[in-house]
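Q: Hi! Could you walk me through this structure? I'm new to this.

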Protein chains: 2
Amino acid sequence: MDKKISKAVISRMPRYYRYLGALMQNGIERISSKDLSERMNITASQIRQDLNNFGGFGQQGYGYNVAMLHDEIGKILGIDNTQNVIIVGVGNIGHALARFLVPDINGFHLCGLFDANPALKGMEISGIKVQSMDEFAAFTKENQVDIAILTVPHDDAKDVAEEIVANGINAIWNFALIDLNLSKKDVVIENVHLVESLMRLSYNRNNQ
Amino acid sequence: MDKKISKAVISRMPRYYRYLGALMQNGIERISSKDLSERMNITASQIRQDLNNFGGFGQQGYGYNVAMLHDEIGKILGIDNTQNVIIVGVGNIGHALARFLVPDINGFHLCGLFDANPALKGMEISGIKVQSMDEFAAFTKENQVDIAILTVPHDDAKDVAEEIVANGINAIWNFALIDLNLSKKDVVIENVHLVESLMRLSYNRNNQ
DNA sequence: TAGATTGTTAATCGATTAACAATC
DNA sequence: TAGATTGTTAATCGATTAACAATC
């Protein structure tokens, strides 16, 4: 990657991917930025600008080939190859995500569940047994783990996150309501702060 | 509300609220924008600009009173009064959120669970019984419901959302991977598109 | 070829940061 | 009073939109 691509652009890519997938399912083979812009409620200009950050995928006078563009965006997002995912913290949310991720979501494969609570050890969710944190280091050594989902209680989040990155995992999908500020750098974190999302809804409800 | 406050500002408010809450817990009574900016990793200027969209909460030479500012932001977010919440769709995610919301999260009270599947009727989660969708209209008539959490399968989402708003609920926390485009206007929607969030993480992992 | 639509440059708009007078 | 720090205006930066030549 040469020039830095803005966060705003990146955050729109999954939505393009989703719409293109739906178009494919509807048997639509080509689409213009104008047509897509109307479906997505954004400007055609923005679509073309966004896509041209990654390359010229269209053709003048024709538009974009839906399947090809869908595929290209998949590659951009890195979901053309399966990434192995583990869940650390099998509480409510962790449990739900374990079921949510099986069968595999396009590009992601759940391969492990961990929890500090020994009472949960051996419990099976979606065909995967919960392991204790004692087994974590060995597991990550023997298995290629690309992404860790962090769904432990708030107070444990920082320590567990440090353990995750210490074992060589460099991507965390963080559901704990904390801003992880890890000692190890070059770790990517995506926060899903549900309470904050709910508060934004509250604001908009009370101020529409 | 007079002048329109930008989405970017609003989306930062819950984070301020969270930091101020933590400061209170640590017994810190006042804070300057500079100090807070260092803790939050943003500029002091942004903090002052953001807050001044809503009023002058600080004092020159002193800074901000933590408890007072926390309280004010709570009011801004509309979480000073309890809002009644229901969950529609008691699958994995709905189930997890039901447990997540009890005991009450600051400002939100879970008061109902609904699912179209008759097999789930009467099942109790967090002390609340699941009701069938037949009972939905009557329930919303008898109870003040402020927010509906939409956690039904993708293909049902649009119809169920229409039913929600038809029964007078004007705020939806949407977990279905669909852009709700409802016939009724003045409905506020906050999307939590988990798959898209995970894809963003994937992108960042593959392009760091 | 003529029409359609891209890729890309230029213009606009909005959000962030810097600066500083006001004031506690 | 002097120092600190706000509220707010001005400057900068970045993102979105518009325009249009290139080209299929």
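A: Happy to help; we can talk about how the two chains meet, and then about one helix. Keep in mind that this is a predicted model.

Q: Okay, how many residues does each chain bring to the contact?
A: Chain A brings 58 residues, and chain B brings 58 residues.

Q: And how much area do they bury between them?
A: About 5300 Å², with 63% of it on carbon and sulfur atoms.

Q: Which element gives the most to chain A's side?
A: Let me list the contributors before that. The elements giving two or more residues to the side of chain A that touches chain B are α1, α4, α5, β9, β10 and α8 of chain A. Among these, α8(A) gives the most, with 13 residues.

Q: What kinds of residues are on that side of chain A?
A: They divide into 34 nonpolar, 14 polar and ten charged.

Q: Let's talk charges. How many salt bridges are there between chain A and chain B?
A: The count between them is ten, while over all chains it comes to 28.

Q: Can you show me one?
A: Sure! The side chains of A:D146 and B:R205 meet in a salt bridge, 3.3 Å from N to O. A:D146 sits in the loop between α6 and β8 of chain A, and B:R205 is in helix α8 of chain B.

Q: Are those two buried or exposed?
A: Both A:D146 and B:R205 are buried. There is also a salt bridge between A:R205 and B:D146, again at 3.3 Å, N to O.

Q: What does B:D179 pair with?
A: B:D179 forms a salt bridge with A:R15, and their closest N and O atoms are 2.9 Å apart. B:D179 lies in the loop between β9 and β10 of chain B, while A:R15 is in helix α1 of chain A. They also belong to a network of salt bridges that links A:R15, A:R18, B:D179 and B:E196.

Q: Why does B:D179 count as partly exposed?
A: Because its relative accessibility is 21%, and buried would need a value under 20%.

Q: New topic: what about helix α7 of chain B?
A: Helix α7 of chain B covers residues 154-166 and reaches 19 Å from its first C-alpha to its last, close to the 18 Å expected.

Q: Which of its residues are buried?
A: B:A157, B:V160, B:A161, B:E162, B:I164 and B:V165. The buried residues of α7(B) pack against β4, α6, β8 and β9 of chain B.

Q: Where's the partner of B:E162 in its salt bridge?
A: The partner, B:K158, lies in helix α7 of chain B too, four residues apart from B:E162, about one turn of the helix. An α-helix has 3.6 residues a turn, so residues three or four places apart point the same way.

Definitions and conventions. Residues are numbered from 1 along each chain as its sequence is written. Chains are lettered from A and ligands numbered from 1 in the order in which they are written. This is a predicted model: local features need pLDDT of at least 70, side-chain atom pairs count only at pLDDT 80 or more; totals for chains, interfaces and linings use all residues. Side-chain values use heavy atoms; hydrogens and water are left out. Contact means heavy atoms within 4.5 Å. Buried area is the accessible area (1.4 Å probe) that two parts lose on being put together, summed over both. A salt bridge is a side-chain nitrogen of Lys or Arg within 4 Å of a carboxyl oxygen of Asp or Glu. Ala, Val, Leu, Ile, Met, Phe, Trp, Tyr, Cys and Pro count as nonpolar, Asp, Glu, Lys and Arg as charged, and the others, Gly among them, as polar. The expected span of a helix is 1.5 Å times one less than its number of residues. Buried means under 20% relative accessible area, exposed over 50%, partly exposed in between (1.4 Å probe, protein chains only).
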